[in-house]
Amino acid sequence: MFITFEGIDGCGKSTQARLLFELLNKGGGAVLTREPGGWEGGGLLRGMVLDGGLRHPWSELFLFMLDRTEHAARVIAPALAEGRHVICERYHDSTLAYQVWGRGMPFEPLRDMAALAALPVPDITLFFKISPETALARVGKRGKPDSFEREGLAFMRKIDEGYGELAKLEPRRWAVIECGGKDPAEVFELVKSVLAERGVSL
Ligand SMILES: Nc1ncnc2c1ncn2[C@@H]1O[C@H](COP(=O)(O)OP(=O)(O)OP(=O)(O)O)[C@@H](O)[C@H]1O
Ligand SMILES: Cc1cn([C@H]2C[C@H](O)[C@@H](COP(=O)(O)O)O2)c(=O)[nH]c1=O
């Protein structure tokens, strides 16, 4: 299964992805990866985009698409071909939430890029929903914020709205995980319940 984890900065995706990986990787049956940067050479792209050095929204988009096509070719597709689960923190839906709702770029062309590039399609997308206020408070407790985290609350509210709309467009693929007021273990119980309902043997 190709399972993607989505949500605003600080929603808890990485925490949950690590828990699921530990559960599914018995016998090496899973791969844990992320975007941007989840492939050899991807670290350079990650640094470029998160340092805030790009000046044009299309530059940012092309960088994320370059990262994704290489990540898909080198990591995602081979793992799926071997019959392994792929757990991926952020994927094409992050481009739609952040570059469309966040940056105001056009939805249809950016949506269609995934099919044009013949990117693997996720089987399940988990949206970790939490208030932007709570998420940014968590981000604030960590180190230096990246260029997106520095955009602030109004930007994150737009991203959150975008995820909500994306989830409505494809309810069979998406599952909204309500994280408010729950500790990581409680959120993970929701994750396991959703995956079991969708036929993932845990
Ligand atoms: N359910 C939770 N309750 C309270 N704190 C949490 C919870 N889940 C994660 N955290 C904490 O919130 C912070 C962000 O968590 P995490 O890195 O998993 O989020 P993320 O969505 O991957 O963030 P980013 O997109 O910025 O990488 C971390 O300090 C983590 O320990
Ligand atoms: C894949 C992808 C990511 N982004 C943004 C979203 C986040 O703010 C950063 C990645 O940071 P994280 O700590 O790894 O979550 O990049 C984006 O704008 N578009 C994308 O396609």
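What radius of gyration does the protein chain have, and what would a compact globule with 202 residues have? The protein chain has 16 Å, which agrees with the value near 17 Å for a compact globule of 202 residues. Here the radius of gyration is taken over C-alpha atoms, and the globule rule is 2.2 Å times the number of residues to the power 0.38. This is a predicted model, in which local features need pLDDT of at least 70 and side-chain atom pairs count only at pLDDT 80 or more, while totals for chains, interfaces and linings use all residues. Residues are numbered from 1 along each chain as its sequence is written, chains are lettered from A and ligands numbered from 1 in the order in which they are written, and side-chain values use heavy atoms, with hydrogens and water left out.

Along the principal axes, the C-alpha atoms of the protein chain fill a box of roughly 45 × 40 × 35 Å. The chain holds 8 helices and 5 strands, taken as DSSP runs numbered from the N terminus (helices are H or I with at least four residues, strands E with at least two). Read from the N terminus, the order is β-α-β-α-α-β-α-α-β-α-α-β-α. Of the 202 residues, 49% are buried, where buried means under 20% relative accessible area, exposed over 50% and partly exposed in between (1.4 Å probe, protein chains only). Contact means heavy atoms within 4.5 Å; among contacts between residues at least 6 apart in sequence, 76% join residues at least 24 apart.

Helix α4 is a good place to look inside. In α4, 10 of the 11 residues are buried, so this helix is largely enclosed by the rest of the structure. Among the buried ones are His92, Leu96, Tyr98 and Val100. The cover over the buried residues of α4 includes β1, α3, α5, β4 (124-129), α7 and β5 (174-178). Just after the helix, Gly104 takes a positive phi of about 80°.

Next come the pockets. On a 1 Å grid over the protein atoms alone, a pocket is an open set of points where a 1.4 Å probe fits, with protein on both sides within 12 Å along at least five of seven lines; lining residues have an atom within 4 Å of a point. A volume is the space filled by probe spheres set on the points, which are joined across faces, edges and corners. The largest pocket holds about 860 Å³. Its lining counts 37 residues, and Asp9, Lys13, Arg90, Arg142 and Glu149 lie nearest the centre. By class, this lining has 17 charged, 11 nonpolar and 9 polar residues (Ala, Val, Leu, Ile, Met, Phe, Trp, Tyr, Cys and Pro count as nonpolar, Asp, Glu, Lys and Arg as charged, and the others, Gly among them, as polar).

An unreviewed UniProt entry lists Gly7, Ile8, Asp9, Gly10, Cys11, Gly12, Lys13 and Ser14 under "binding site". Of these, Asp9, Gly10, Cys11, Gly12, Lys13 and Ser14 belong to the lining of the largest pocket. Gly10 sits in the loop between β1 (2-6) and α1 and is buried, with a relative accessible area of 14%. Cys11, in the loop between β1 and α1, is buried at 3% relative accessibility.

The second largest pocket has about 330 Å³ of space and 18 lining residues. Helix α5 gives the largest share of that lining, 5 residues.

Technical notes
UniProt positions renumbered as here; feature names shortened; annotations may be inferred.
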